[in-house]
Amino acid sequence: TIKNDLNTHHKFFKVKQVSHFIWAVIAHGIIFWFLPMQGNKNLNDAWVCDPSGEDTCNTFQTNDGIYGLYFFVCIYLVLSALQIHFGYPCVSVDTNHDYQSKSSVWGFKLYKGLPFLFEIKTIADWTYSKSSLDFFQWLKLEDIYQQFYVARATFVAYRWKEVGDPVGARTKNMFG
């Protein structure tokens, strides 16, 4: 079974390498060929323009938006190549709900406070996970996991408190 797992990982990395190469070719074709030609078509009503005669010729060298897009595509391609080279880190399925620090709790509160972010993440997770749950069951399960996370973080915050210690005046004024 270990040999089968290694074969599966090897096949996965080969597929990732091929898709990485295809994405690099397509991205360069779009950035250096399609976008400048489409811009020339919109500006001059011609696919190709004479760069010596007109100021409105759209090329990679004259379009800052294409420069920016190319910069981000290059960053993506480099990070993806590094990920292929060094491999993927092994993570558990439930890493989003592990308590680590106060900053992770505040990050979680920010994540829950931003509109529709929880729903978008849940839709993406449900779409790409193998599950027999329908979307609404998956949404309820995610909500239960998040309630457990909050309870666990609260428990960790109270670990320093001795059993039987009275609640302080500051806490009582803040919450009651």
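**A tour starting at Thr-122**

Select Thr-122 first: its relative accessibility is 0%, so this residue counts as buried. The model on screen is predicted. Thr-122 sits in helix H4, which spans residues 117-128.

Next, show what surrounds this side chain. Leaving aside residues up to four places away in sequence, Thr-122 touches Phe-135, Trp-138, Leu-139 and Glu-142. Helix H5 covers 135-157, so select that range next to follow the chain onward from these contacts.

Now turn to the largest pocket, with a volume of about 800 Å³. Its lining has 22 residues, and the closest to the pocket centre are Thr-154, Ala-157, Tyr-158, Trp-160 and Phe-175. Select those five and centre the view on them. Then colour helix H3 (102-113), helix H5 (135-157) and helix H6 (169-175), each of which supplies at least two residues of the lining. By residue class, the lining holds 14 nonpolar, 3 polar and 5 charged residues.

Finally, zoom out and display the protein as a cartoon. There are 6 helices and 0 strands, and the order from the N terminus is α-α-α-α-α-α. Of the 176 residues, 18% count as buried, Thr-122 among them. Switch on the surface: the accessible area comes to about 14100 Å², and carbon and sulfur atoms account for 66% of that. For contacts between residues at least 6 apart in sequence, 53% join residues at least 24 apart.

Notes: Residues numbered from 1 in each chain as written. Predicted model: local features only at pLDDT ≥ 70, side-chain atom pairs only at ≥ 80, totals over all residues. Heavy atoms only, no water. Helix = DSSP H or I, 4+ residues; strand = E, 2+ residues; numbered from the N terminus. Buried < 20%, exposed > 50% of the residue type's maximum accessible area, 1.4 Å probe, protein only. Contact = heavy atoms within 4.5 Å. Areas by Shrake-Rupley, 256 points an atom, 1.4 Å probe, with all protein chains shown as cover. 1 Å grid on protein atoms, 1.4 Å probe; cavity = no way out; pocket = protein on both sides within 12 Å on 5 of 7 lines; lining within 4 Å. Points joined across faces, edges and corners; volume = space filled by probe spheres on them. Nonpolar A, V, L, I, M, F, W, Y, C, P; charged D, E, K, R; others polar.
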